[in-house]
Amino acid sequence: MVDLTTDYLGLKLAHPLVPSASPLGKNLDSARKLEDAGAAALVLPSLFEEKIEAEQEQMARFFYGQAIGYGEADSFHPVPDRILTYQEQYLEHLRQVKTALKIPVIASLNGTSLGGWIEYGVALQQAGADALELNIYHLAANIDEDSETVENRYLDILRELKSQVGIPLTLKLSPQFSSPLHFAQRLQTAGADGIAIFNRFYQPDIDLETLQVVPKLELSTAQEALLRIRWTALLYGRVNMSLAVTGGFHETADVIKALLAGADVVHLCSVLLEKGVGRLSEIVAELRDWLEAHEYQSIRQLKGSVSQQHSIDPGLYERANYVQVLDSYTPASGVMR
């Protein structure tokens with residue numbers, strides 16, 4: 001039998017396929033279904049600091065501050081004896097999932113302030129998370145903010161959290177850093193246990209009728225996987241951290257390519273939302289079949305064998321690929337008319 005096991009963030013996983021943060025992890029029943037389908041671990045949806053703050057402001061306004069200046073309004077909004085807050089619900093869900101599942105459970109945190117990252121990171125560890133994924137969503141839209149300032153924000157969060165929690169920490173990165181390899185090296189020096197390549201920043205749309213900017217949710221496509229595979233191949237062997245790929249992995253072939261490039265795990269999301277959680281077990285079986293057909297004995301033997309350091313032509317991961325792709329294209333007949 002082929003050995004599909006892999007190491008990720010110090011955790012021994014049965015295979016490299018891990019459902020990423022998605023609606024599928026929001027309730028206990030669907031989390032159990034993911035484990036039954038063969039998930040090697042589970043990343044829960046993010047705990048958002050903005051939602052905690054918004055809830056606190058709303059409660060202060062409608063419950064605790066309702067009678068300020070208006071004595072007759074003292075009982076207009078009766079204050080419940082017990083309010084289960086968003087944060088408490090998340091932590092309770094984490095505890096329930098951790099108790100019910102045998103696989104590792106990774107919490108995800110999306111903060112906005114350094115104090116929030118620390119407070120909620122500690123709370124997630126205390127609730128039983130096996131590891132913590134830092135979903136640092138920062139759009140560098142300030143024209144006076146340089147790239148080093150952006151990177152230092154990530155590093156400051158990482159260092160402070162590392163000093164407060166003992167569970168492994170991985171950072172979900174954006175593809176928009178000017179020098180991802182150098183930044184990954186800085187993260188490793190600051191104590192990161194892993195990185196996830198890459199976060200998908202959803203893009204706002206413009207409604208042509210109302211001329212308003214509106215949110216738009218687009219699930220990933222398989223074409224997005226190549227960006228992740230390329231940077232994984234460039235990172236493999238240059239950093240001593242766990243490497244995860246996330247975004248665009250729909251087909252078994254792309255999962256295999258990511259492992260060949262050097263990924264320790266492949267996160268799945270959109271494919272499970274579109275095709276159902278049963279697709280996970282199919283990909284595991286197809287991965288095993290491919291390894292057996294190509295006479296691999298283990299994931300360890302496969303991993304990183306086509307990274308840049310081990311590639312027959314390392315230059316194809318850099319500028320050479322750009323030149324060759326352009327030279328290879330032939331316009332369809334009739335295009336030049």
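Two worked exercises on a predicted model follow, one on a helix and one on a pocket.

Residues are numbered from 1 along each chain as its sequence is written. In this predicted model, local features need pLDDT of at least 70 and side-chain atom pairs count only at pLDDT 80 or more, while totals for chains, interfaces and linings use all residues, and side-chain values use heavy atoms, with hydrogens and water left out.

**Exercise 1.** Compare the expected span of helix α10 (residues 278-293) with the distance between its end C-alpha atoms, and state which of its residues are buried.

*Solution.* Helices are DSSP runs of H or I with at least four residues, numbered from the N terminus. The expected span is 1.5 Å times one less than the number of residues, so the 16 residues of α10 should span 22 Å, which agrees with the 23 Å between its end C-alpha atoms. Buried in α10 (under 20% relative accessible area, 1.4 Å probe, protein chains only) are R279, L280, I283, V284, L287 and L291. These residues cover an arc of only 145° around the axis (taken from the directions from the helix axis to the C-beta atoms), which puts them on the same side of α10.

**Exercise 2.** Describe the lining of the second largest pocket.

*Solution.* On a 1 Å grid over the protein atoms alone, a pocket is an open set of points where a 1.4 Å probe fits, with protein on both sides within 12 Å along at least five of seven lines, and lining residues have an atom within 4 Å of a point. The lining comprises 14 residues, of which L226, I229, R230, L316 and Y317 lie nearest the centre. The elements that give two or more residues to this lining are α7 (225-235) and α8, and α7 gives the most, with four residues.

Technical notes
Buried < 20%, exposed > 50% of the residue type's maximum accessible area, 1.4 Å probe, protein only.
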